[in-house]
Amino acid sequence: MYNYEDPNRTGSPDDLSPIEELIMDSLSDYDRGEYDCLHGYEAELGKSDKYYQGYGDQYHFEQNQGKLEEIA
């Protein structure tokens, strides 16, 4: 049984394991921006320019992918 299937689970589904937390802490601001966009999170306020650049680049990529799929 997976953790998300356990009816006694008390944390949110977004709980991170210690290894996942370590990985998230090691991401650059740019990578974190890409990650947030890729996973559907809204851009966080007060982040660095690199964060917003990563978020914007990923958003731009996803928009272009949608246009290419419409053409195909």
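Okay, a definition to start: when I say two residues are in contact, I mean that they have heavy atoms within 4.5 Å of each other. Hold on to that, and let's look at this chain. What we have here is a predicted model, so every value today is computed.

With that definition, here's the first number. Take the contacts in the chain between residues at least 6 apart in sequence: 14% of them join residues at least 24 apart.

Now the layout. The chain has 3 helices and 0 strands, so reading from the N terminus you get α-α-α. There are 72 residues, and 11% of them count as buried. The accessible surface comes to about 6100 Å², and carbon and sulfur atoms account for 52% of that.

How far does the predictor trust itself? The average pLDDT over the chain is 81, and 76% of the residues score at least 70. Among the helices, helix 2 has the highest confidence, with a mean of 93, while helix 1, residues 18–26, has the lowest, at 86. Then there are two stretches to treat with care. Residues 1–5 have a pLDDT below 50, and beyond near neighbours in sequence that stretch has 3 contacts in the model. Residues 9–13 are also below 50, again with 3 contacts beyond near neighbours.

Okay, on to the charged side chains. How many salt bridges does the structure hold? There are 3, and we can walk through them one at a time.

Start at Arg-32. Arg-32 makes a salt bridge with Asp-36, and the closest N and O atoms are 3.0 Å apart. Find helix 2 on the screen, residues 29–38: both partners lie in there, 4 residues apart, which is about one turn of the helix. Are these two partners buried or exposed? It's a mixed pair. Arg-32 has a relative accessible area of 27%, so we call Arg-32 partly exposed. Asp-36 is down at 1%, and the cut-off for buried is under 20%, so Asp-36 counts as buried.

What is around Asp-36, then? Leave aside the neighbours within four places in sequence, and Asp-36 is in contact with Tyr-41, Glu-44, Tyr-51 and Tyr-55. Keep those tyrosines in mind, because we'll meet Tyr-51 at 1% relative accessibility in a minute.

Back to Arg-32, which has another partner. The side chains of Arg-32 and Glu-44 meet in a salt bridge at 4.0 Å, N to O. This pair links distant parts of the chain: Arg-32 sits in helix 2, and Glu-44 is 12 residues away, in the loop between helix 2 and helix 3, which covers 49–71. Glu-44 is partly exposed, with a relative accessible area of 30%.

Glu-44 also meets Lys-47 in a salt bridge, this one at 3.2 Å, N to O. Lys-47 has 38% relative accessibility, so Lys-47 counts as partly exposed. Put the bridges side by side and you'll see that they share partners, joining Arg-32, Asp-36, Glu-44 and Lys-47 into one network.

Lys-47 takes us to the rings. Its charged end sits over the ring of Tyr-51, 5.9 Å from the ring centre. So much for the charges; what about the aromatic pairs?

The structure holds 2 aromatic pairs. One of them is Tyr-51 with Tyr-52: the pair is edge-to-face, with 5.4 Å from centre to centre and 85° between the planes. These two are neighbours in name, but look at how they sit. Tyr-51 has 1% relative accessibility, so Tyr-51 counts as buried, whereas Tyr-52, at 32%, counts as partly exposed. Add Tyr-55, and Tyr-51, Tyr-52 and Tyr-55 form one aromatic cluster.

Last stop: Gln-58, in helix 3. Gln-58 is buried, with a relative accessible area of 12%. Which residues does Gln-58 touch, leaving aside neighbours within four places in sequence? Gln-58 is in contact with Glu-34, Cys-37 and Leu-38.

If you'd like to trace something on the screen afterwards, try the network of Arg-32, Asp-36, Glu-44 and Lys-47, then hop from Lys-47 to the ring of Tyr-51. That's my tour, thanks!

Technical notes. Residues numbered from 1 in each chain as written. Predicted model: local features only at pLDDT ≥ 70, side-chain atom pairs only at ≥ 80, totals over all residues. Heavy atoms only, no water. Helix = DSSP H or I, 4+ residues; strand = E, 2+ residues; numbered from the N terminus. Buried < 20%, exposed > 50% of the residue type's maximum accessible area, 1.4 Å probe, protein only. pLDDT = per-residue confidence, 0-100. Phe/Tyr/Trp six-rings, centres within 6.5 Å; stacked < 30°, edge-to-face > 60°. Lys NZ or Arg CZ within 6 Å of the ring centre and 35° of its normal. Areas by Shrake-Rupley, 256 points an atom, 1.4 Å probe, with all protein chains shown as cover.
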